[in-house]
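Reader: I am in my first year and would like a close look at one part of this molecule. Could you start from a single residue and work outwards?

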Amino acid sequence: MIIETITLDSALCITLLDQTRHYFGGYYHVKVLAYCDIPLEQSYFDNDAEFRDAEEKMGRSVRFERVLEKMAVPEAAIDSVRSQLKQAFHDTTIAYLSVPDFAPRFVRSEYRKHLKKRS
């Protein structure tokens, strides 16, 4: 279930999904998945050949993901813990994602990881 959608000034859109599951007894694994699909843009690369290679290896976009979670949460505390995880994401990761050059740096970093896997 989508908890929140956040659109940044850079036009990136972050989705927070609730993936909470029963853990054992009356306890739960509270899990929030935050993700953002970042489109590949030619301007992120040094040349057209590098852009085409990246597109071939990674597709039209690259996914940024963060998992926010807490184990063994009593059922009565699920909403509170979920809110705390969401607030922590807002307090920390949103600022990081809002930096103007985040998208090109992240895409290039993921591309370098793909190149290293090939080596």
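Author: The starting point is F64, which is buried at 2% relative accessibility. Buried means under 20% relative accessible area, exposed means over 50%, and partly exposed is anything in between, with a 1.4 Å probe and protein chains only.

Some ground rules come before the rest. This is a predicted model, in which local features need a pLDDT of at least 70 and side-chain atom pairs count only at pLDDT 80 or more, while totals for chains, interfaces and linings use all residues. Residues are numbered from 1 along each chain as its sequence is written, and side-chain values use heavy atoms, leaving out hydrogens and water.

F64 carries a ring, and rings can pair. Rings of Phe, Tyr and Trp (for Trp, its six-membered ring) form a pair if their centres lie within 6.5 Å; planes under 30 degrees apart are called stacked, over 60 edge-to-face, and the rest tilted. By this rule the model has eight aromatic pairs. One of them joins F45 and Y111, edge-to-face, with 5.6 Å from centre to centre and 90° between the planes. This pair links distant parts of the chain, 66 residues apart: F45 is in the loop between strand 4 (27–39) and helix 1 (48–58), and Y111 is in helix 3 (residues 102–118). Helices here (H or I, at least four residues) and strands (E, at least two) are DSSP runs, numbered from the N terminus. Both F45 and Y111 are buried.

Back to F64. Its ring pairs with that of F102: the centres are 5.6 Å apart and the planes are at 90°, so this pair is edge-to-face. Because F64 lies in strand 5 (residues 61–74) and F102 in helix 3, the pair ties together parts that are 38 residues apart in sequence. F102 is buried too, at 1% relative accessibility. The pairing goes on from there, as ring pairs link F64, Y96, F102 and F106 into a cluster.

F64 also touches T93. Leaving aside neighbours within four places in sequence, T93 is in contact (heavy atoms within 4.5 Å) with F64, R66 and A88. T93 belongs to helix 2 (residues 78–98). With a relative accessible area of 15%, T93 is buried. The side chains of T93 and T92 are joined by a polar contact of 3.4 Å. A polar contact is a pair of N or O atoms within 3.5 Å; within protein, one atom must be able to donate a hydrogen and the other to accept it, and residues adjacent in sequence count only if both atoms are side-chain atoms.

Next, the strand that holds F64. Two strands pair if DSSP finds at least two bridges between them. Strand 5 pairs with strand 4 in the antiparallel sense, over 12 bridges. In strand 5, R63 is the bridge partner of D37. R63 also has its charged end over the ring of Y35, 4.0 Å from the ring centre. For a charge to sit over a ring, NZ of Lys or CZ of Arg must be within 6 Å of the ring centre and within 35 degrees of the ring normal.

Strand 5 also contains A72. A72 has a positive phi of about 55° although it is not a glycine. At 34% relative accessibility, A72 is partly exposed.

Strand 4 has further partners. It pairs with strand 2 (residues 13–18) in the antiparallel sense over four bridges, and A34 in strand 4 is the bridge partner of L16. Strand 4 pairs with strand 3 (residues 21–24) over three bridges, again in the antiparallel sense. There F24 stands opposite Y27 in strand 4. The hairpin of strand 3 and strand 4 has two residues between the strands, and in this hairpin G25 takes a positive phi near 55°.

Last come the cysteines. A disulfide is a pair of cysteine sulfur atoms within 2.5 Å, and by this rule the count is zero. C13 is in no disulfide; the nearest cysteine sulfur, in C36, is 7.0 Å away. Seen from C36, the closest cysteine sulfur is that of C13, and 7.0 Å is too far for a bond. C36 is buried, with a relative accessible area of 1%, whereas C13 is partly exposed at 33%.
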